[in-house]
Amino acid sequence: MPLSRRHLLLAGAGAGAAPGLAAVPAAATGRRPFGRYGSPAARPDDRFLYVDPHGRGDFTTVQAAVTAASGSGWTLVLAPGTYRETVAVSSARTDMTWIGAAEDPRATVVVYDNAAGTQKPDGSGTYGTSGSATTTVSADGFTARWITFANDWLRADHPGVSGTQAVAVKVQGDRSAFTHCRFLGHQDTLYADTRSLTTFARQYYAHCYIEGDVDFVFGRATAVYEHCHFRTLTRTDLTGAPYGFVFAPSTAGANPLGYLVTRSRVTSEAPDGFYKLARPWVPSSDPTALPMLTVRDSRLGPGIDAVAPYTNMSAAYPWQSMRFREYANSGPGAVIPVPENRPQLTPEEAAAHTRRRYLGDWRPYDPDDH
C-alpha cells in the first residue's frame with residue numbers, strides 16, 4: 001500500500017510541513033545519539049533522563065521516563081525516533097522540560113491514533129475528545145522544544161466512527177511553553193485548555209507549525225501564538241465549503257484574556273475560501289463561556305473566507321456576541337469586504353493585546369524579540 005500523506009509527514013517528508021525542517025535520521029552507531037546534550041557522565045545534575053526508542057538511553061518510551069521523573073524540575077532528552085504511545089504528565093510533575101535532541105521537530109515524533117469514538121480496550125466505552133489525546137500535560141511549568149506531537153487517526157480509515165475528534169496534545173497547565181514544535185492532526189489537533197473552569201492557564205507557542213481541519217486549535221486557556229504557521233488541510237469527504245475552522249476558543253466568562261495570535265500566518269492546501277478563521281465554542285459544561293480570540297499582525301492566506309470568516313457553532317451563542325477581534329492583518333484572507341463581519345481593534349485597543357499583557361509576570365519569550 002502506498003504511504004499516505006500522514007505517514008510522509010510523520011517521516012519528515014510531507015508537503016505542507018514547516019519550511020526548512022529536514023528529517024534527521026536516528027544515529028546508526030551504538031552510542032547515545034543525544035548530541036550536545038551529552039551522555040550520563042556529562043549530566044549537569046541527576047534530574048536528566050535520556051529516552052531512546054532503540055535502547056540507548058535510560059528508557060525506551062516517553063511515558064516510562066515521565067513516570068520515573070517524580071517530583072519537579074526534570075528534563076527529558078528525546079533521541080530521534082518515532083514514539084508510538086500515549087503519554088500523560090500528571091499535575092505533580094511540575095516544571096518538566098522535553099527536548100528533542102536533534103533540535104529538529106521532524107526527527108522526534110510522539111504519535112498515537114485514538115479518536116473520540118475509539119472503543120477502549122476494556123470495553124468501558126469510547127475515549128471521548130479529551131481521552132483521545134496522544135499527549136496530555138496537566139502539570140504547570142511544562143516546556144517542550146523541537147518535538148512533533150501528532151495524532152494520525154484518519155476518518156477515511158474508520159468510516160463507521162462518528163466521534164472523529166483526535167487530539168494530538170492536550171495542555172492544561174499554567175506556564176506551558178512550546179517552541180519550534182509541530183502539532184499534526186485533523187480534528188481538534190491542539191487542545192489548549194485548563195484543568196478546571198476556575199483555573200487560568202497561560203500558554204505560549206512560538207515558531208510552531210499546527211495543522212488540521214475542524215476546530216484544530218481549541219480550548220479555554222490564555223494562550224499566545226507567536227510566529228506560528230497554521231495550515232488547513234484539504235478534505236475528500238466533503239464537496240463544499242466550509243471544510244473547517246482554525247480556532248474554537250472556549251474562554252471562561254470570568255477570564256479577561258483568551259487566545260492571542262500575533263505575527264503568524266495561515267496557509268491552506270484546500271480551495272480558496274473553504275475555511276473559516278474561527279467559531280466560538282460554548283461547551284455544555286460552561287454555558288457562561290465567552291470565547292475570546294484576537295488575531296493581529298498576521299498574514300491570512302486565500303484559504304480563509306474573507307467575506308464571512310466567523311460562524312456559529314450553535315445558534316444559541318452567535319459569534320457576534322463573543323470577543324472576536326482582528327488588527328493589522330494582511331493577505332487575501334484578511335481583506336474586509338463586509339466590515340460588520342470582521343470586527344477590528346482600534347490602535348488604542350490593540351495596545352492592550354500583547355503577549356506581555358496576556359502572560360503577565362511570566363516571560364518565556366526572548367525579551368529582545370519585539
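## Exercises on a strand-rich predicted model

Seven strands form an open sheet with parallel pairing, and their order is 4-7-10-13-16-19-22. The model is a predicted one, in which local features need pLDDT of at least 70 and side-chain atom pairs count only at pLDDT 80 or more, whereas totals for chains, interfaces and linings use all residues. Residues are numbered from 1 along each chain as its sequence is written, and side-chain values use heavy atoms, with hydrogens and water left out.

**Exercise 1. Determine which strands stand at the edges of the seven-stranded sheet, and state the average twist.**

Step 1. Fix the terms: strands are DSSP runs of E with at least two residues, helices are runs of H or I with at least four, and both are numbered from the N terminus; two strands pair if DSSP finds at least two bridges between them.

Step 2. Strand 4 (87–89) and strand 22 (275–278) each have a single partner strand, so one side of each is left without a neighbour in the sheet.

Step 3. From one strand to the next the twist averages 10°, where axes are lines fitted to C-alpha atoms and angles run from 0 to 180 degrees between N-to-C directions.

**Exercise 2. Describe the setting of Asp215, beginning with its annotation and its strand.**

Step 1. The UniProt annotation "active site", taken from an unreviewed entry, covers Asp215; such annotations may be inferred rather than shown by experiment.

Step 2. Asp215 lies in strand 16, and this strand (residues 214–219) pairs with strand 19 (residues 244–249) in the parallel sense over four bridges. Val214 stands opposite Phe245 in strand 19.

Step 3. Asp215 counts as buried because its relative accessibility is 6%, the classes being buried under 20% relative accessible area, exposed over 50% and partly exposed in between, with a 1.4 Å probe and protein chains only.

Step 4. When neighbours within four places in sequence are left aside, Asp215 is in contact (heavy atoms within 4.5 Å) with Asp188, Phe245, Val246, Ala248, Arg279 and Met313.

**Exercise 3. Trace the pairing of strand 6 with strand 3 and with strand 9.**

Step 1. Strand 6 (residues 108–112) is mostly covered, since four of its five residues are buried.

Step 2. With strand 3 (residues 81–84), strand 6 pairs in the parallel sense over four bridges, and Tyr83 stands opposite Val110 in strand 6.

Step 3. Strand 9 (residues 148–151) also runs parallel to strand 6 and is joined to strand 6 by four bridges; the bridge partner of Tyr112 in strand 9 is Asn151.

**Exercise 4. Identify the residues that touch the most other members of the largest nonpolar core, and then describe a second core.**

Step 1. A nonpolar core is a set of buried Ala, Val, Leu, Ile, Met, Phe, Trp, Tyr and Cys residues joined through side-chain atoms within 4.5 Å.

Step 2. The largest such core has 61 residues, of which Leu76, Trp98, Tyr205, Tyr225 and Phe230 touch the most other members.

Step 3. A second, separate core of 11 residues includes Ala177, Leu260, Tyr358 and Tyr365.

Step 4. Not counting residues up to four places away in sequence, Phe230 touches, among others, Ile210, Phe216, Tyr225 and Phe247.

**Exercise 5. Give the totals for the chain: its helices and strands, and its buried share.**

Step 1. The chain has five helices and 25 strands.

Step 2. Of its 370 residues, 54% are buried.

Step 3. Among contacts between residues at least 6 apart in sequence, 71% join residues at least 24 apart.
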